[in-house]
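Grab a pencil and open the viewer. Below is a small set of exercises, each with a worked solution to check yourself against.

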Amino acid sequence: MNKTFVKNIGLLCTPTGSHVHAGAEQGRITKIENACVLMEEGKIVYCGPQAGAPAGAEQGAQIVDAGGRLATPGLIDAHTHLVFGGWRQHEIPLKLAGAGYLDILRMGGGILSTVKRTREASEDQLFEKSMGFVAEMLSMGVTACEMKSGYGLDLETELKQLRVIRRLAESCPMDIAATFLGAHAVPEEYKDDADGYVDFLVNDVLPAVEEQKLAQYCDVFCETGVFDVAQSRRVLGAGKALGLKPRIHADEIDAIGGAQLAGEIGAVSAEHLIAADEEGMAALARGGVVANLLPATSFYLDKTFAPARRMVELGIPVVVASDFNPGSCPSLNLPFAMNLGLLRYKLTPEETLNAVTINAACSVGMEDRLGSLELGKQGDLVIWDAPDWEMVLYRFGSNLCRTVIKKGRPLAL
Ligand code: NIG
Ligand code: FE
């Protein structure tokens, strides 16, 4: 039997329940001092004060002594573009000279340059590279994540990216949700014909993705000069009809109505929302949409930060994720994004913990098994070299993750 007993946890911090934590509840977490967690066959069978541990907890168990440190649920990175060819460090001089993100894209760089490199890369090359990223994420306490396609923009390469994601899910100790983001940019082949490209996605690519069961979500980059609201509505509607749940890159640079669309179609999440206005946020609140906020992207693009406090006030559940990608956020460091969530969004430590655990789990459909340390949930737990959660957020830039337990098994990091 796979049995693991984590003892001597100085402080255990976790959300409670498997629902989104919004409004005042975004700031509520359970704290247990002198705790322990017992896991059997990958699931939590006891989580609470050590004094109340079941008799025989240590018997036949692998013992992990937390040494008085902090334990939390495994972190969940609910927004990444992790599978891609090449990098884009050659854009740095353009950035320093003042070129904006959309300027670089218009010049044929940006996403389209990564598309070229991703098309050239073999499936095995993409897989190997992505495995390295997954190992890096695990080493920082991230035990589940979402990954998107969107650097193929043709049938073959979109499917190739999604197959890599499936292989990663099958071979890594990481729970992974897959998102089809064929509508990430308009490819060269359809230059000046975004509608024609949308037709192609709807008629050819989406049905293939669905038939091969390669994704659970469909996403679109709704932005000035990329896909407008009508085109985004078509893509997400077609995806939804095939059973792919909608999520949307909205109001990253300009507020062109993406948040309203998210609310209207009942998207699972709207991502970025840097430029979200009152009307857009009202639509999110009405539609029960999760706000997937990506502060490291604001940092890297030198933009303002999404109005996270206002969202909490409006009862919109807030998630903080990395947005790891080679263009707007070449960092997969979720703890760094959490630190920005605290310092720039002004989320409290408790709100930040819910943002990267239970709310993130809800936004990627894993809330029944992940996102909190509770009876019956999967044994995904992190021990931090810290006495409390505040320390993890405060020591930005350092990796305080000490031990990662995935499905009840300690990982060799
Ligand atoms: O979330 N905005 C669209 N997609 C990514 C950036 C992708 C890229 O630049 O390669 C984002 O910021
Ligand atoms: Fe993104």
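The exercises go through cysteines, buried polar and charged residues, a helix pair and two backbone oddities, all in a predicted model.

**Exercise 1. Cysteines**

Task: work out how many disulfides the structure holds, and why Cys-47 is not in one.

Solution:
- Start with the cut-off: two cysteine sulfurs have to be within 2.5 Å to count as a disulfide.
- Try Cys-13, where the nearest cysteine sulfur belongs to Cys-47 and is 11 Å away, so Cys-13 is in no disulfide by that cut-off.
- Cys-13 is also buried, at 1% relative accessible area.
- Now take Cys-47: the closest cysteine sulfur is in Cys-36, at 8.0 Å, and that's too far for a bond.
- The tally for the structure is zero disulfides.

**Exercise 2. Glu-271 and its surroundings**

Task: place Glu-271 in the secondary structure, decide whether it is buried or exposed, and find a side-chain partner for it.

Solution:
- Glu-271 sits in strand E11, which covers residues 269-272.
- With a relative accessibility of 0%, Glu-271 is buried, because anything under 20% counts that way.
- Leaving out residues up to four places away in sequence, its contacts include Ala-78, His-79, Lys-148, Arg-247, His-249 and Asn-292.
- Of these, look at His-79: its side chain makes a polar contact of 2.6 Å with the side chain of Glu-271.
- For a sense of scale, go to Lys-406, 135 residues from Glu-271 along the chain; the two C-alpha atoms are 27 Å apart.

**Exercise 3. Asp-77 and His-81**

Task: for Asp-77 and His-81, say where each one lies and which residues it touches.

Solution:
- Asp-77 is in strand E6, while His-81 belongs to the loop between strand E6 (75-77) and helix H1 (92-96).
- Asp-77 has 0% relative accessible area and is buried; His-81, at 2%, is buried too.
- Beyond its sequence neighbours up to four places away, Asp-77 touches residues including Met-137, Cys-145, Glu-146, Ser-322 and Asp-323.
- Across the sequence, Asp-77 and Val-356 are 279 residues apart, yet their C-alpha atoms are separated by 6.8 Å.
- His-81, with the same sequence neighbours left out, touches Lys-148, Tyr-151, Leu-181, His-184, His-249, Asp-323, Phe-324 and Asn-325.
- Pick out His-249 from that list, since its side chain makes a polar contact of 3.3 Å with the side chain of His-81.
- Asp-323 turns up among the contacts of Asp-77 and among those of His-81.

**Exercise 4. A serine in a loop**

Task: find which side chains make polar contacts with that of Ser-372.

Solution:
- Locate Ser-372 in the loop between helix H14 (358-363) and strand E14 (381-384).
- Despite the loop position, Ser-372 counts as buried, at 2% relative accessibility.
- One polar contact, of 2.6 Å, joins its side chain to that of Glu-374.
- Another, of 2.9 Å, links the side chains of Ser-372 and Lys-377.
- Setting aside residues up to four places away, Ser-372 touches Thr-14, Pro-15, Gly-17, Pro-73 and Lys-377.

**Exercise 5. Two helices side by side**

Task: describe how helix H6 packs against helix H7, and what kinds of residue make the contact.

Solution:
- H6 spans residues 194-211 and H7 spans 229-241; their axes are 10 Å apart, at an angle of about 5 degrees.
- That angle makes H6 and H7 roughly parallel to each other.
- On the H6 side, the contact includes Val-198, Leu-201, Val-202 and Leu-206, and on the H7 side Arg-234, Val-235 and Ala-238 are among the residues involved.
- Sorted by type, the contact residues come out as seven nonpolar, two polar and three charged.

**Exercise 6. Positive phi**

Task: what is the phi of Glu-41 and of Asp-192, and where does each residue lie?

Solution:
- Recall the background: most residues other than glycine have a negative phi.
- Glu-41, not a glycine, has a positive phi of about 50 degrees.
- Glu-41 lies in the loop between strand E2 (30-40) and strand E3 (43-49), and is exposed at 52% relative accessible area.
- Asp-192 has a positive phi as well, near 65 degrees.
- Its place is the loop between strand E8 (175-183) and H6, where Asp-192 is exposed with a relative accessible area of 80%.

Methods. Residues numbered from 1 in each chain as written. Chains lettered and ligands numbered in written order. Predicted model: local features only at pLDDT ≥ 70, side-chain atom pairs only at ≥ 80, totals over all residues. Heavy atoms only, no water. Buried < 20%, exposed > 50% of the residue type's maximum accessible area, 1.4 Å probe, protein only. Helix = DSSP H or I, 4+ residues; strand = E, 2+ residues; numbered from the N terminus. Contact = heavy atoms within 4.5 Å. Polar contact = N/O pair within 3.5 Å; in protein donor to acceptor, adjacent residues only side chain to side chain. Axes fitted to C-alpha atoms, helices over the stretch in contact; angles between N-to-C directions. Parallel < 35°, antiparallel > 145°, perpendicular 65-115°, else oblique. Nonpolar A, V, L, I, M, F, W, Y, C, P; charged D, E, K, R; others polar.
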